[in-house]
Amino acid sequence: LPSAQHALLKQLFELKKPVVLLLLNGGAVAIEEEMRAAKDGQALAVVECFSPGATGSDAIARSLFGLENRFGRMPYTVYDKGWVNRTKFTQHDLAADEGRTYRFYRGRKPIFEFGQGLSFSSFSVNVSSGSAACTFPASAKAGCVATVTAKNVGAVTGDLVVTAFMRFKAVP
């Protein structure tokens, strides 16, 4: 955030009132100072709004007042502001042993992790595999079957985005 916005938030925190920080942006924003204030007891809610468009303000207000529950999960990881000074954007070799690549970042805890997010409701998720093994030869019958059941078990209607990842193991 620009220094003027950090200063404004600092003044708001001095009021000792709950603060809702709406981030309207096109990419990751490091808010370490604000998160430190929250760890020190400041009531802080952060809503990553991205670029919400013409009707975004109505959607955000409806969500904040509990009229809708359309919160999602972070589609990327938000690192500390020093990350850009430690990372060569021209070097994202997966084999590089620098504690990071374009996919992984080790050694420091991110501000917000990929997939992190909250909801006004609670959900149960059950994953069951429909086959003992997945096959991926070059045929139309290749594939993997898994059944995912997500159920809203809370009192508030809401959405849940389920993301699945697959890791291939070497076959002997």
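**Exercise 1. Is Arg62 buried, partly exposed or exposed?**

*Solution.* Keep in mind that this is a predicted model.
- Step 1: look up the relative accessible area of Arg62, which is 31%.
- Step 2: recall the cut-offs: buried is under 20%, exposed is over 50%, and partly exposed is in between.
- Step 3: with 31%, Arg62 is therefore partly exposed.

**Exercise 2. Find out which side chain Arg62 meets in a salt bridge, and how exposed that partner is.**

*Solution.*
- Step 1: go to the side chain of Arg62 and you'll find Glu68, with N to O at 2.9 Å.
- Step 2: a salt bridge needs the nitrogen within 4 Å of the carboxyl oxygen, so the pair of Arg62 and Glu68 counts as one.
- Step 3: Glu68 has 25% relative accessibility, so this partner is partly exposed.

**Exercise 3. The structure holds two salt bridges. Describe the one formed by Lys81.**

*Solution.*
- Step 1: the partner of Lys81 is Glu33, and their closest N and O atoms are 3.4 Å apart.
- Step 2: place both residues. Lys81 sits in the loop between α3 and α4, while Glu33 belongs to helix α2 (residues 32-39), so the bridge ties together parts that are 48 residues apart in sequence.
- Step 3: check the exposure. Lys81 is exposed, at 51% relative accessible area, whereas Glu33, at 34%, is partly exposed.

**Exercise 4. Characterise the one aromatic pair in the structure.**

*Solution.*
- Step 1: know what to look for. A pair of aromatic rings is described by the distance of the centres and the angle of the planes.
- Step 2: apply that to Phe50 and Tyr76. Their ring centres are 5.9 Å apart and their planes stand at 80°, so you'd call the pair edge-to-face. The cut-off for that label is over 60 degrees.
- Step 3: see where the rings come from. Phe50 is in strand β2 (residues 44-50) and Tyr76 is in the loop between α3 (56-64) and α4 (83-86); they're 26 residues apart, so the pair links distant parts of the chain.
- Step 4: add the accessibility. Phe50 is partly exposed at 27%, and Tyr76 is partly exposed too, at 23%.

**Exercise 5. Work out which residues have the most contacts inside the largest nonpolar core, and which element supplies the largest share of this core.**

*Solution.*
- Step 1: the core has 13 residues, and those with the most contacts inside it are Leu9, Phe13, Leu21, Ile31, Val78, Ile111 and Phe112.
- Step 2: sort by element. Helix α1 (3-14) and strand β1 (19-24) each supply at least two residues, and β1 gives the largest share, three residues.
- Step 3: zoom in on Val78. Leaving aside neighbours within four places in sequence, Val78 is in contact with Ala28, Val29, Ala30, Pro110, Ile111 and Phe112.
- Step 4: put this in a wider setting. In soluble globular proteins, nonpolar side chains tend to be buried together.

**Exercise 6. Now look at the surface: which residues make the nonpolar patch of about 610 Å²?**

*Solution.*
- Step 1: the patch is made by Val20, Leu22, Leu24, Leu64, Phe65 and Leu67.
- Step 2: strand β1 provides the largest share here, three residues.
- Step 3: take Val20 as an example. Val20 lies in β1, and its relative accessible area of 46% makes it partly exposed.

**Exercise 7. Sum up the whole chain.**

*Solution.*
- Step 1: count the elements: four helices and four strands, running α-β-α-β-α-α-β-β from the N terminus on.
- Step 2: of the 172 residues, 22% are buried.
- Step 3: the chain exposes about 12,700 Å², with carbon and sulfur atoms supplying 57% of it.

Key:
Residues are numbered from 1 along each chain as its sequence is written. This is a predicted model: local features need pLDDT of at least 70, side-chain atom pairs count only at pLDDT 80 or more; totals for chains, interfaces and linings use all residues. Side-chain values use heavy atoms; hydrogens and water are left out. A nonpolar core is a set of buried Ala, Val, Leu, Ile, Met, Phe, Trp, Tyr and Cys residues joined through side-chain atoms within 4.5 Å. Buried means under 20% relative accessible area, exposed over 50%, partly exposed in between (1.4 Å probe, protein chains only). Contact means heavy atoms within 4.5 Å. Patches are made of residues with over 30% relative accessible area and no salt bridge: like charges are joined within 9 Å, nonpolar side chains (Val, Leu, Ile, Met, Phe, Trp, Tyr) within 5 Å. Accessible areas come from the Shrake-Rupley method with a 1.4 Å probe; for residues, only the protein chains shown count as cover. Rings of Phe, Tyr and Trp (its six-membered ring) pair if their centres lie within 6.5 Å; planes under 30 degrees apart count as stacked, over 60 as edge-to-face and the rest as tilted.
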